[in-house]
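This briefing goes through one protein chain by topic, from its surface and overall make-up to single residues. Please keep the sequence and the structure in view while reading.

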Amino acid sequence: ALRSAVRAPAGPIAGRVEAARGHLARAQALAVAGRYDAARAEVDTIVAEAEDLAFAPLLAPALLLRSRLLRSQGAFAEAKVVARDAALRALEARDDELMAHAFIEQVSVAGDGLGDDAAAQEWGRFARAALARRDDPPVPRADLERALGASAYRVGRFADAAAHDAEALQLLERAPARDDLAISAVHNNLCIAASDRGQHDEAVAHCRTSLDLTRELLGADHPETAQTLSNLGRALMMAGRAAEAEGLVRESIAVRRRNGAGKTLGTAMALVNLSATLLALGRAPEAERAARESDALYVELGSDKRAFALTNLGDALRLQGRHGDARAAYAEAEALWRTTLGPAYPPRMEAVRGLGQSLHAEGRLDEAAAHLREALTLAEAQLGREHGDVIALRQELGEVIAAPRPGAPHRRPSPSAMVKGP
């Protein structure tokens, strides 16, 4: 809970402070229930009251909750400022626990939100120092590991992300009081990281554990349940079980829309997962529609994660033979990843590969080979040389290199390569 360890002052403002704390508890309950807009309205009122009272022990937790709500709605730049103010007010209140939570929030905003892993690591050091002053309590420490894991994942350090989440799970399992909601969130993160490392059975198991806990704790219609449904669908799709995945991803989108959360980053990513699933099922026109809807939502929300939607859009267009349009989508996705997270960012590989595949289909073989060679380098770095997807990409590159070029003289096979008769 976002509470201050400092008691309300005596005197005329004591009653107002206690009343505001009651409203803060209500705002927290609304946020847990997934009613983010209502929680935001409540917390804005509390912040105004706390500022009027000039009482830092109340203002710090109110600002922290406001930052978390802003982050859940994709307003990362605003959340960054609010989380900084929360930390300053916690320092003023001499509340180390709240200060640590505010630093952890900065890790989440900088890393998972803005893709600035260096800033996330820096804020993580502040958080560790603040937690050390509180004898390193396991649950807040697990929150920090989860935030650092999300930052690592955001910039493509999937193995590091999994290590942070594994540490968080151990901390939570050793905690004096079990926090099943936090445990569910860690399993959800481990599911995503395992999928991206090609460990599909492990990913599905983590997501099913997360989904069972989330449904039990929050209900079937909660946004967090919707998020886990989408991630389970993604894990199944990547495991080659797209037919099972489709219904789960569609349910995720329906849950969000029923709860007024249709225009969020979570919905945009669920639409990405839906388009990928439809592509795996060979339904390119439907995949195109889902990818375009996802892209439009990302644009509305101002997120660079639209590169995921653009890559899927390129795949859908390429499979329909619209190679010029496909190349444009891939090129925009590739440029977004390269400029925001760098040329080595692993998901950039899919856009580079798509460019190579479209160029191959158009007969531009040398250009295709160059892109596929770069995609292979990225894939090997992410998955290792012996992963099935890497082997398939290596074979694809080999076919492009071996394909005859227009105008090139026909080369007869060497005698050693000819099949001998009996």
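The accessible surface of the chain comes to about 19,200 Å², and carbon and sulfur atoms account for 53% of that area. The model is a predicted one. Its secondary structure consists of 19 helices and zero strands.

**Overall dimensions and make-up**

- Taken along the principal axes, the box filled by the C-alpha atoms is roughly 105 × 40 × 35 Å.
- The chain has 422 residues, and 51% of them are buried.
- Among contacts with a separation of 6 or more, 60% are between residues 24 or more positions apart.
- The chain carries 53 positive and 58 negative charges, and the mean positions of these two sets lie 3 Å apart.

**Nonpolar cores**

- In soluble globular proteins, nonpolar side chains tend to be buried together.
- The largest nonpolar core holds 44 residues, of which Leu 58, Leu 65, Leu 69 and Leu 144 touch the most other members.
- At least two residues of this core come from each of α1 (14-32), α2 (36-53), α3 (56-72), α4 (76-93), α5, α6 (117-132) and α7 (138-154).
- Separate from this is a second core of 17 residues, including Leu 365, Ala 368, Ala 369 and Leu 393.

**Aromatic residues**

- Six aromatic pairs are present in the structure.
- One of them joins Tyr 153 and Phe 158, whose ring centres are 4.9 Å apart.
- The planes of Tyr 153 and Phe 158 are 40 degrees apart, and the pair is classed as tilted because that angle is neither under 30 degrees nor over 60.
- Phe 158 is buried, with a relative accessible area of 7%, whereas Tyr 153 is partly exposed at 25%.
- The cut-off for buried is under 20% relative accessible area, so the 25% of Tyr 153 places this residue in the partly exposed class.
- One aromatic cluster is formed by Phe 103, Trp 123 and Phe 126.

**Asp 96**

- Asp 96 lies in helix α5, which covers residues 96-113.
- Is Asp 96 buried or exposed? Asp 96 has a relative accessible area of 16% and is therefore buried, as the cut-off is under 20%.
- Which residues does Asp 96 contact, leaving aside its neighbours within four places in sequence? The contacts of Asp 96 are with Ala 130, Arg 133 and Arg 134.

Notes: Residues are numbered from 1 along each chain as its sequence is written. This is a predicted model: local features need pLDDT of at least 70, side-chain atom pairs count only at pLDDT 80 or more; totals for chains, interfaces and linings use all residues. Side-chain values use heavy atoms; hydrogens and water are left out. Rings of Phe, Tyr and Trp (its six-membered ring) pair if their centres lie within 6.5 Å; planes under 30 degrees apart count as stacked, over 60 as edge-to-face and the rest as tilted. Buried means under 20% relative accessible area, exposed over 50%, partly exposed in between (1.4 Å probe, protein chains only). Helices (H or I, at least four residues) and strands (E, at least two) are DSSP runs, numbered from the N terminus. Contact means heavy atoms within 4.5 Å. Accessible areas come from the Shrake-Rupley method with a 1.4 Å probe; for residues, only the protein chains shown count as cover. Lys and Arg count as positive and Asp and Glu as negative; His and the chain ends are not counted. The place of a charge is taken as NZ of Lys, CZ of Arg, CG of Asp or CD of Glu. A nonpolar core is a set of buried Ala, Val, Leu, Ile, Met, Phe, Trp, Tyr and Cys residues joined through side-chain atoms within 4.5 Å.
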